[in-house]
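Trainee: Could you walk me through how the chains in this model meet? I'd like to take it one question at a time.

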Amino acid sequence: MIGFELSDDQKQIQALARNFVKDNVTPVAAQHDRDETYPATVVEAAHEVGLLNVSVPEAVGGLGLSMLDEAIIGEEFGYGCMGIYTILMASELGIMPLLLAATPEQQQRFLAPLVEGPRLAAFALSEPNNGSDAGGLRTRAVFDGDEIVITGTKTWISNGGVADFSVVFASFDPALKHKGTVAVVVESDRPGLSTNKLHGKLGQRASPTYEMVFDDVRVPISNMLGQQGDGFKIAMRTLDKTRIPVAAGAVGVLRRALDESSKYANEREAFGRPIGQFQAIQFKLANMKIALETARLQTWYAAWLADNDKPHAEAAAIAKAYASDSAFDAAQEAINVFGGYGYMNEYPVEKLMRDVKLNQIYEGTNEIQRVVIARHVLQ
Amino acid sequence: MILLVTTAPGGNLPKSARELVTVARQLAGGGPVAAAVIGPESAASQMAEYVPQVYSLSAAELEPARAEAVTAAVQQVAAQAGATTVLMAANRLGQSVAPRVAVRLNAALLEDVIKVSGTAGAYEAVRYSYLSRVTETVRTVGGDATVITVKPNVFPVADAQPGGSVTSVAPQLDATATRVQVGQRSAATGGRVKLEEAGVVVGGGRGFGSAEAFAQVVEPMADALNAGVASTRAVVDAGWRPYAEQVGQTGKSVAPELYIALGISGAVQHLSGMNRSKVIVAINKDADAPIFRIVDYGVVGDVNQVGPALTEAIKAAKGS
Amino acid sequence: MKLITVLKQVPDAEARIRAGSGGVDLDGVTFVIDGMDEYGVEEAIRLREAGNDVEIVALALGPARYEEAIRTALALGADRAIHVETDTDLDPISQARVLAQVVQHEGADMVLVGGKQADWDSAALGPALAEVLGWPHSDWTTKLELAGANVTVEHDTDDGHESLTMPLPAVITTQQGLNEPRYPTLPNIMKAKRKELAKRSLDEFGAGSGLTQIVDQQIQTRERLGKMVEGDPATAAAELVRLLQNEAKVL
């Protein structure tokens with residue numbers, strides 16, 4: 001039947017993540033956001049306690065944690081800083097195609113090193129002219145003997161310039177559309193690969209985002225995941241799962257918005273009493289709470305479906321769209337609760353809004369999520 | 001028979017000893033009270049000004065005080081005195097010895113009490129729990145005797161009732177009682193008002209940023225107020241201040257008329273040592289610091305600026 | 001060498017404690033392993049890491065919810081655990097008598113326990129346990145070193161600190177300053193699932209019903225004014241002094 005309790009070790013994982021974020025993430029989040037600097041010490045510390053790359057399978061030395069475990073961790077990190085969480089989340093995103101389509105040899109080759117140090121993976125799908133239309137990839141893959149040659153440009157790639165490898169999606173035959181695509185692991189030290197860090201993001205500024213330029217980059221054919229033609233399918237199946245941590249991070253932001261707002265509502269006075277005694281404020285807090293509880297439950301449900309090998313694409317899309325939309329709304333309402341102070345970067349709430357806006361856009365825009373959901377409704 | 005037990009550091013009866021006399025007389029309700037003084041005979045003579053029967057334990061093996069040796073000595077005196085209730089101050093030594101004595105006497109233990117009443121076998125006491133967040137009432141429901149440790153600076157000191165007599169006791173201490181060897185000892189010194197007895201306390205925390213900044217701001221303020229100086233655990237651990245100043249869960253407990261907390265964030269562990277102060281003032285640059293939840297007056301600001309300004313204002317008000 | 005670390009699970013220091021009808025209401029409160037006990041677990045692990053051949057057994061006496069704290073100790077590095085499960089709230093002296101039986105049966109060389117328990121605010125468990133066992137103890141220990149058949153410690157006294165040397169077996173009570181407890185890493189949390197957690201019942205130990213009983217608990221309320229004083233340092237200082245003199249009348 002239905003059980004909503006976390007197991008003892010899930011509670012411990014939650015406590016570990018919560019304490020880790022409190023001690024290592026929250027104190028430095030504002031500064032990395034302001035300066036757009038990469039939080040290397042946080043990533044190292046996360047590796048040391050085992051919170052980095054948790055989905056790497058046990059067979060190659062990892063923890064093999066479940067989607068639900070990741071969702072628990074994601075909420076705690078989202079609470080501290082969604083930007084810093086994206087670094088961890090994007091690495092798991094880069095790992096997922098290998099979990100779905102890599103051979104044991106490939107998993108050993110690419111994933112085993114990820115647990116030996118503070119190392120990251122990346123997922124390179126989006127292009128300057130191609131975001132939602134993932135089937136219309138312009139990055140070219142040419143099969144040349146026992147090598148694949150990759151040419152093109154990717155953009156918006158989280159971790160692109162700090163990862164050990166990226167999973168690159170390219171087209172070898174545009175006429176075949178999505179059946180003409182391929183997924184290839186490209187190690188960062190391959191000649192011809194250059195990365196440019198993108199500056200000027202609205203939020204999640206601690207997360208390093210890159211344009212990646214592939215200038216006839218050659219990789220062995222043994223770097224290809226699955227078969228020729230599997231690329232698009234691998235990308236979609238990956239995103240069906242990885243939208244769950246995106247939702248979880250948004251749940252963390254939601255919780256943070258609620259906590260900051262309720263604390264402020266108890267302290268700030270107007271008209272002779274704490275503003276929390278006025279219904280206008282109370283309704284905002286109640287709406288945040290409604291969203292928090294339901295978004296979390298939907299996220300955990302989607303995670304449970306994925307962990308139990310049940311169809312989860314629709315549930316994950318619902319979780320991602322709902323959690324990120326509600327978190328954005330909660331964050332902007334949190335600014336309203338704080339009034340003038342909410343508009344200033346000395347107070348933590350304006351960052352929540354800037355950060356979680358991206359959760360509505362990446363890993364499949366919320367418009368695409370609705371396309372996915374509608375497709376399931378209408379079939 | 002009610003037996004109170006005290007040490008006599010420096011050959012003098014500490015304030016806590018005279019607080020124990022108050023409690024002993026209360027519980028005895030006119031009946032017999034005795035005292036065991038561990039220290040020089042002169043201290044036992046001082047105690048004879050308060051209590052009719054004093055047992056003097058000046059044996060060399062009891063100095064410095066080691067838990068097992070003191071326990072054995074107390075057990076013997078209790079037997080000699082026919083005591084079924086033993087009182088000690090709830091200081092470090094008391095908290096170390098009293099439980100051992102309780103086990104030896106098969107007694108119930110009432111720890112760190114702020115109120116106590118009743119008779120042997122049926123005592124009722126009030127004490128704090130949950131890091132001083134809760135006040136609880138506890139009753140003894142078993143045991144052949146009762147051991148009670150009394151929170152310092154809560155009970156009033158007793159008036160003298162001279163005319164007591166002193167009996168020297170040479171405790172039988174076997175090898176087990178003296179097997180712990182004491183090495184280096186360090187005592188904190190200071191010319192200031194004793195912290196637990198100060199009417200005003202100025203406390204400082206990590207908010208100062210450095211030992212120098214702490215001293216530069218806290219000490220002049222404490223001088224201006226003739227106050228004791230308190231420190232948080234973090235500050236003592238950082239080596240800025242001596243352990244004797246530490247207030248909190250693992251340090252001293254104080255309840256002055258006025259406690260000024262400078263650069264202290266207000267972790268529960270520290271609060272539990274000073275939240276009974278009559279008036280609490282805090283200065284901290286973090287408006288969200290937990291300390292502001294328990295203040296009577298608070299200022300959000302830099303302690304290195306507001307602190308000296310406050311000292312000047314205090315001096316001006318006092319006309320000095 | 002066998003080390004036993006005794007631990008309790010207590011309400012989180014930041015948790016809001018509520019009282020209801022004469023007793024403390026712990027519904028919905030977050031529980032954690034008692035911070036003081038964590039120093040004991042950490043010290044045991046450090047003794048192992050220093051090269052000593054050490055078996056670390058975590059020992060707890062309390063209700064079913066203590067399991068989480070016990071699992072934390074296992075995740076931190078204890079090898080196995082013993083949980084004497086009971087809902088009875090025994091006083092520290094009675095608890096010491098129960099725990100001593102387990103310690104004796106295990107043939108331990110050292111017991112580590114927090115210097116003060118954060119629910120009873122009691123410092124009695126360590127010394128009482130030592131007395132029942134007939135062992136020496138060091139309380140409020142800030143430094144520990146093995147020296148052959150002895151252990152040398154530094155601990156807090158009423159005036160400062162002193163160093164003690166005592167023969168093993170001994171009881172050591174722990175506090176902040178002894179060490180810096182580590183996080184239980186995720187791999188260790190997962191490994192802990194497979195470590196032995198033996199359950200015992202309180203009935204096995206002839207504990208009786210205890211020597212003291214809590215008959216009432218009230219939240220310590222203290223109405224504070226909570227007045228924030230504004231302005232630049234000089235202005236705020238002047239206003240503060242004015243309030244302390246005229247309103248609070250403590251200056």
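Mentor: Happily, and we begin with a definition: two strands pair if DSSP finds at least two bridges between them. Helices (H or I, at least four residues) and strands (E, at least two) are DSSP runs, numbered from the N terminus. This is a predicted model, in which local features need pLDDT of at least 70, side-chain atom pairs count only at pLDDT 80 or more, and totals for chains, interfaces and linings use all residues. Residues are numbered from 1 along each chain as its sequence is written, chains are lettered from A and ligands numbered from 1 in the order in which they are written, and side-chain values use heavy atoms, with hydrogens and water left out.

Trainee: Which residue in β14(C) is the bridge partner of Val134(B)?

Mentor: Look at strand β8 (residues 134–140) of chain B, which runs antiparallel to strand β14 (residues 212–219) of chain C. Seven bridges join these two strands. Val134(B) has as its bridge partner in β14(C) the residue Ile219(C).

Trainee: What is the area buried between chain B and chain C?

Mentor: Buried area is the accessible area (1.4 Å probe) that two parts lose on being put together, summed over both. The contact (heavy atoms within 4.5 Å) takes 81 residues from chain B and 80 residues from chain C. Carbon and sulfur atoms give 55% of the buried area, which is about 6900 Å².

Trainee: Which residue of chain B meets Glu131(C) in a salt bridge?

Mentor: A salt bridge is a side-chain nitrogen of Lys or Arg within 4 Å of a carboxyl oxygen of Asp or Glu. Chain B and chain C have four salt bridges between them. In one of them, at 2.7 Å from N to O, the side chain of Glu131(C) meets that of Arg100(B).

Trainee: Which helix of chain B gives the most to the side that touches chain C?

Mentor: Chain B has eight helices to choose from, along with 16 strands. The one that gives the most to the side touching chain C supplies nine residues, and that is helix α4 (residues 92–104).

Trainee: And what is the area buried between chain A and chain C?

Mentor: Here 19 residues of chain A are in contact with 14 residues of chain C. Two salt bridges are counted, including Lys11(A) with Glu68(C), whose closest N and O atoms are 3.9 Å apart. Carbon and sulfur atoms give 66% of the buried area, which is about 1300 Å².
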